[in-house]
Each structure stands twice: as C-alpha cells, then as structure tokens.
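User: Hello! Could you walk me through this structure with a few questions and answers?

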Amino acid sequence: FYQQLYAPAEDYDLWVTLSDTGKFCNLSENLLRYRIHGQNISLKKRTKTQEQNLEGAQRRYILKFFASANIETADATLLHKLFYPSSDFDFKTLTDIGLLLQHIVNKKCDYPVASEKVHHLLAEKYFYCCTISTDLGTKVFHLVNGYSFINSSYLDRIKLLIKSVLKYKRST
C-alpha cells in the first residue's frame, strides 16, 4: 500500500497509515540488516518535495499520537521541531514548545503507551533542545526551571546554567 507520491519516504506514510490498525512497538532484537552507502536511493534521490513529504508524514503521526490532547496543526509543527531538531532554537520557539508540553502533561491524555513514558520523553527532548540553545544565555536555564514537567537532575541543571553563562558570554 505504498503511496508513490511519498517516495523515497513512502515507508513513513505506510507506518502512519498502519498505525490505525493496532499497536506498534520497537523490538530490541535486530530482525534485518540494512546496508547504508552513498548510492542508497533514499539518500541519492531525495528532493525538497520528498523532504517535505517525510516531514508531513511525521507531523501526521504526531497528530495521531497526541489526538487525545486535541493538538492543532501548529502544535504538531512545534512537536516536530522538538522531535527532529535541525538547529538551536530561538527563545520564542522554546517558550512555545514548553507551554505546549506543560499543557499536554497537565491534560492527562490517553496514549498508545504509558503516559509516564511519554511525559519523560517530552521532558528529555525539551531539556536537550534547551541545551543546544544555550547561546540565548541564562534565559534558557530560567525557562527550564519554570516548567514542572522537567525532571532533570540537579547536576544537569547546574551544567545547563554553566553552559548558558559561558556560551552566552562567548557569543556576545
């Protein structure tokens, strides 16, 4: 049931479509060996449109996964940035993502997996996005400390503070 429109990312679209039929999980056992090289079709022929199709399939899955949270398309775009960060973030985007995550965690939604695992992953991803955005200075540290869903250790928060101070001074 591959949609050629999404080639060479048609497998992502297939997984999103199949996710309606039941539960999915990752197996710890490797069932397939996949050879990656410079001539892979998915690396060689990827166009801008195909990149957009891939991102579209990923956002559609995010919308499905968080359906009980009643998120909108703009929220799915923010969550996509969280799950697939391509660079550091500006302060507004970090704030918007943090507010969205706080809303999702507070809402006590129903997910295909345990809520605690989802909330832990969201907190972990958000903390990582903050650590790659320390050039914004100590605002990032204060932002992290402002959300109750963040469960990072005291040591990790101190490291974030130090990195925010050092990196900010270096970039100004």
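Analyst: Gladly! Helices (H or I, at least four residues) and strands (E, at least two) are DSSP runs, numbered from the N terminus. This is a predicted model, in which local features need pLDDT of at least 70 and side-chain atom pairs count only at pLDDT 80 or more, while totals for chains, interfaces and linings use all residues. Residues are numbered from 1 along each chain as its sequence is written, and side-chain values use heavy atoms, with hydrogens and water left out.

User: Which pattern does the protein follow along the sequence?

Analyst: The protein has 8 helices and 0 strands. Read from start to end of the sequence, the pattern is α-α-α-α-α-α-α-α.

User: Which helix gives the most to the largest nonpolar core?

Analyst: A nonpolar core is a set of buried Ala, Val, Leu, Ile, Met, Phe, Trp, Tyr and Cys residues joined through side-chain atoms within 4.5 Å. Here buried means under 20% relative accessible area, exposed over 50%, and partly exposed in between (1.4 Å probe, protein chains only). The largest core has 35 residues, with Phe66, Leu79 and Tyr126 making the most contacts inside it, and H3 (48-65), H4 (73-83), H5 (91-107), H6 (115-131) and H7 (138-145) each supply at least two of its residues. The top contributor, with 7 residues, is H6.

User: Which residues is Tyr126 in contact with, beyond its neighbours within four places in sequence?

Analyst: Contact means heavy atoms within 4.5 Å. With those neighbours set aside, the partners of Tyr126 are Leu82, Leu94, Thr95, Ile97, Gly98, Leu101, Leu143, Tyr147, Phe149 and Ile150.

User: Is Asn70 buried or exposed?

Analyst: Asn70 lies in the loop between H3 and H4. Its phi is near 55°, a positive value in a residue other than glycine. With a relative accessible area of 56%, Asn70 is exposed.

User: What is the relative accessible area of Lys108?

Analyst: Lys108 sits in the loop between H5 and H6, and has a positive phi of about 55° although it is not a glycine. Lys108 counts as exposed because its relative accessible area is 67%.

User: And Thr134, is that residue buried or exposed?

Analyst: Thr134 belongs to the loop between H6 and H7. Leaving out neighbours within four places in sequence, Thr134 is in contact with Leu160, Lys163, Ser164, Lys167 and Tyr168. Its relative accessible area is 0%, so Thr134 is buried.

User: How much of the protein do buried residues make up?

Analyst: The protein counts 172 residues. The buried share of them is 38%.
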